[in-house]
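Please take a careful look at the metal site, its surroundings and the open and closed spaces of the model shown below. The paragraphs that follow lead through them in that order.

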Amino acid sequence: MRDLSSDSKLLAINSATVKAWSLEQLIEGCKRAGISAIAPWRDIVQAVGVEKAGKLIRAAGFDVSCLCRGGMFPASDAAGRRAALEDNKRAVDEAAGIGANCLVLIAGGLPKGSKDLGAAHEQVRDGIAALLPYARDAGVPLAIEPLHPMTAADRACVNTMGHANNLCDELGEGLGIALDAYHVWWDPDLAAQIERAGKRIVTYHVCDWLVPTRDLVFDRGMPGDGVIDLKHLRGLVEATGYSGHIDVEIFSTLDWWKRDPDEVLSICLERHRSVV
Ligand code: ZN
């Protein structure tokens, strides 16, 4: 396992963690904190335009561990699915434009009014299959991120590493996995599925599971404040040969988004070195 106790190079700050900041503010804030990698969401890239975003990131000499996110494939009709595919192609272009190591995909949930989970699964598989040639041509690896099953209806019907591995088996080259500790820590099959994933793991996200969790989306914890054995999990991930960044991604209307982003970054760095 890598020693993070004095590391700052392997930490990537996900823009969701410091939600109030623009891309420029994120880059400047990371510089102040001695951090040199980011994982932006598309909103802050689009706010400045992809060309300028790429320039700002390259000028700073930053790594981009991933772009968050594409996906959301299922829709109630063919036009909706085509629109999703077009939007995902734009996301691939944005990832290429900012030099992101991968584009994170979340599956999407049930189309409005549908109870057919099997059909949603098929639409996700077909959507990724349709996107893959475009992503391969652009040199952008795709990374399907299984989300916690509480999101299956409205955000992501791919909820386990096992399901993500099956998709990779079926769809092949160009599709990897984004492993987010928050979403998969509970899975009794996790260790075996991480080993099975091997080199497919292309980005690794951390935060913590708080007890109690007060909001299903916006109450994620700072690493160390919850019940996930993050060091153990990182050991499993790094045993596959994973050598990439560790992204701190915290959605927190109730706590961290209320704080001074500079303070948030310094706590992220301290926890990265001590509990991640
Ligand atoms: Zn994530």
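Along the chain, the donors of the zinc ion follow the spacing E-x34-D-x24-H-x43-E, where donors are N, O and S atoms within 2.8 Å of the metal (3.2 Å for Na, K and Ca), and since water is not among the atoms, sites may look incomplete. His205 belongs to strand S8 (residues 201–206), whereas Glu249 sits in the loop between strand S9 (246–248) and helix H10 (261–274), so this pair ties together parts that are 44 residues apart in sequence. This is a predicted model, in which local features need pLDDT of at least 70 and side-chain atom pairs count only at pLDDT 80 or more, while totals for chains, interfaces and linings use all residues. Residues are numbered from 1 along each chain as its sequence is written, and side-chain values use heavy atoms, with hydrogens and water left out.

The zinc ion is coordinated at 2.1 to 2.5 Å by Glu145 (OE), Asp180 (OD), His205 (ND1) and Glu249 (OE). The angles among these four donor atoms run from 85 to 141 degrees, and the site is irregular; four donors would count as tetrahedral if all angles lay between 85 and 135 degrees, and as square planar if opposite donors were over 155 degrees apart and all others between 65 and 115.

Two of these donors can be followed further. His205 has 0% relative accessibility and counts as buried, a term that means under 20% relative accessible area with a 1.4 Å probe and protein chains only, and Glu249 is buried as well, at 3%. Thr203 is also found in strand S8, a strand being a DSSP run of at least two residues (E), and a helix one of at least four (H or I), numbered from the N terminus. Thr203 is buried at 0% relative accessibility, and its side chain makes a polar contact with the side chain of His205 at 3.4 Å; such a contact is a pair of N or O atoms within 3.5 Å, of which, within protein, one must be able to donate a hydrogen and the other to accept it, and residues adjacent in sequence count only if both atoms are side-chain atoms.

The largest pocket holds about 170 Å³ of space. Of the 17 residues that line this pocket, Trp41, Arg69, Arg155, Arg220 and Phe251 are the closest to its centre. Strand S4 (67–71) and strand S5 (103–106) each supply at least two residues of the lining.

Methods
Four donors count as tetrahedral if all angles lie between 85 and 135 degrees; four count as square planar and six as octahedral if opposite donors are over 155 degrees apart and all others between 65 and 115; anything else is irregular. Buried means under 20% relative accessible area, exposed over 50%, partly exposed in between (1.4 Å probe, protein chains only). On a 1 Å grid over the protein atoms alone, a cavity is a set of points where a 1.4 Å probe fits but cannot get out, and a pocket is an open set with protein on both sides within 12 Å along at least five of seven lines; lining residues have an atom within 4 Å of a point. Grid points are joined across faces, edges and corners, and a volume is the space filled by probe spheres set on the points.
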